[in-house]
Amino acid sequence: MFKSLYRKTRQLAYISKLGTSEIIRKMTTVNLIEQSIKAKLKTHLETNHIEVINESYMHNVPKGSETHFKVVVVSEKFNNKPLIQRHRMVNEVLKAELQNGVHALSIEAKTPAQWQESDQMIEPSPNCRGGFGR
Amino acid sequence: MNVFNKIRNFRNIGSIHRLYSVTPKENIEKIVKNNKVVVFMKGVPEQPQCGFSNAVVQILRMHGVTYDAHNVLQDEALRQGVKDYSNWPTIPQIYINGEFVGGCDIMLQLHQSGDLIEELEKAGITSALLEKSKDEKPK
């Protein structure tokens with residue numbers, strides 16, 4: 001049984017050009033919400049660059065939770081839009097997630113030009129102070 | 001007869017209550033217009049219970065702003081009400097001059113870019129940071 005699993009993993013690794021360990025990691029971590037956030041932002045905001053960081057581990061929630069996220073969204077659609085409107089666009093796309101379990105969403109919304117001239121470093125969100133005890 | 005009266009009284013009270021009760025929207029509108037700067041947060045300024053709320057408290061402290069703080073953890077109706085009011089899904093929320101400004105990320109950016117000083121000025125508040133920089137450069 002293990003032999004066949006190993007073979008399958010090797011096959012997958014070959015097909016996807018990823019390391020074997022990476023495939024195993026991908027198979028074991030179920031990050032459905034993270035994937036859905038990424039996919040939705042990509043399609044709805046036609047992002048040039050996107051990063052979705054699960055910051056749940058920094059908070060008072062069970063291991064492996066998907067409750068606290070930080071997203072970096074770079075899109076042409078943000079051109080000539082004030083910050084609050086950009087945040088509203090992201091919130092709107094992720095409405096379902098925010099109503100179903102995603103509890104904190106930190107947003108960095110930049111235009112491609114702004115992203116180019118920035119240092120492209122992402123600072124972690126402020127430390128939790130224990131208010132969310134679920 | 002007695003029971004009938006009681007029921008009638010009860011119904012009267014009910015209708016009076018309906019007459020005077022305000023909708024959550026009106027309630028929040030009253031709160032945000034009651035003070036120049038209003039913050040809806042988790043915990044209280046002396047002891048914020050969320051990192052994002054804490055960041056907002058620290059920023060406002062740096063600018064020496066006095067503000068009205070409301071703890072949404074104490075009031076579930078307020079927590080949902082304020083989200084509906086501003087159509088903004090997260091807490092904290094900051095209002096200046098009765099207008100929704102944003103959450104923690106936006107406050108942080110306004111602070112870093114210096115735009116917060118301007119926003120406060122529009123509400124007739126002089127930021128403590130502005131006064132400090134004046135003292136430092138007495139040209």
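Q: Helices (H or I, at least four residues) and strands (E, at least two) are DSSP runs, numbered from the N terminus. So what follows H4(B)?
A: In this predicted model, B:Asn87 follows H4(B). The phi of B:Asn87 is positive, near 50°.

Q: Any ground rules?
A: Local features need pLDDT of at least 70 and side-chain atom pairs 80 or more, while totals for chains, interfaces and linings use all residues; side-chain values use heavy atoms, without hydrogens and water. Residues count from 1 along each chain as its sequence is written, with chains lettered from A and ligands numbered from 1 in the order written.

Q: Back to H4(B). Which residues are buried?
A: H4(B) spans residues 76–86. B:Leu78, B:Arg79, B:Gly81, B:Val82 and B:Ser86 are buried there (under 20% relative accessible area, 1.4 Å probe, protein chains only).

Q: What do they pack against?
A: From chain A, helix H4 (83–93). From chain B, helix H2 (24–34) and strands E1 (37–41), E4 (68–71), E5 (93–96) and E6 (99–102). Contact means heavy atoms within 4.5 Å.

Q: How many residues does each chain put into the A–B contact?
A: Chain B gives 20 and chain A gives 19. About 1700 Å² is buried between the two chains (accessible area lost on being put together, 1.4 Å probe, summed over both). Carbon and sulfur atoms carry 58% of that area.

Q: Which three residues of chain B supply most?
A: B:Phe52, B:Trp88 and B:Asp105. They supply 30% of what chain B buries against chain A, more than any other three residues.

Q: New topic, chain A. What's the element order?
A: From the N terminus, α-α-α-β-β-α-α-β-α. Chain A has six helices and three strands. Of its 134 residues, 39% count as buried.

Q: How are the strands arranged?
A: They form an open sheet, E1-E2-E3, with mixed pairing (at least two DSSP bridges per pair). E1 (47–54) and E3 (104–110) of chain A are the edges, each pairing on one side only. The twist averages 10° from one strand to the next.

Q: Which way do E1(A) and E2(A) run?
A: Antiparallel, joined by seven bridges. E2(A) covers residues 68–75. In E2(A), A:Val73 is the bridge partner of A:Ile50.

Q: Which helix packs on the sheet?
A: H3(A), residues 32–45. H3(A) touches E1 and E2 of chain A, and its direction makes about 160° with that of E1(A).

Q: And the sequence range of contacts in chain A?
A: Among contacts between residues at least 6 apart in sequence, 63% join residues at least 24 apart.

Key: Buried means under 20% relative accessible area, exposed over 50%, partly exposed in between (1.4 Å probe, protein chains only). Axes are lines fitted to C-alpha atoms, for helices over the stretch in contact, and angles run from 0 to 180 degrees between N-to-C directions.
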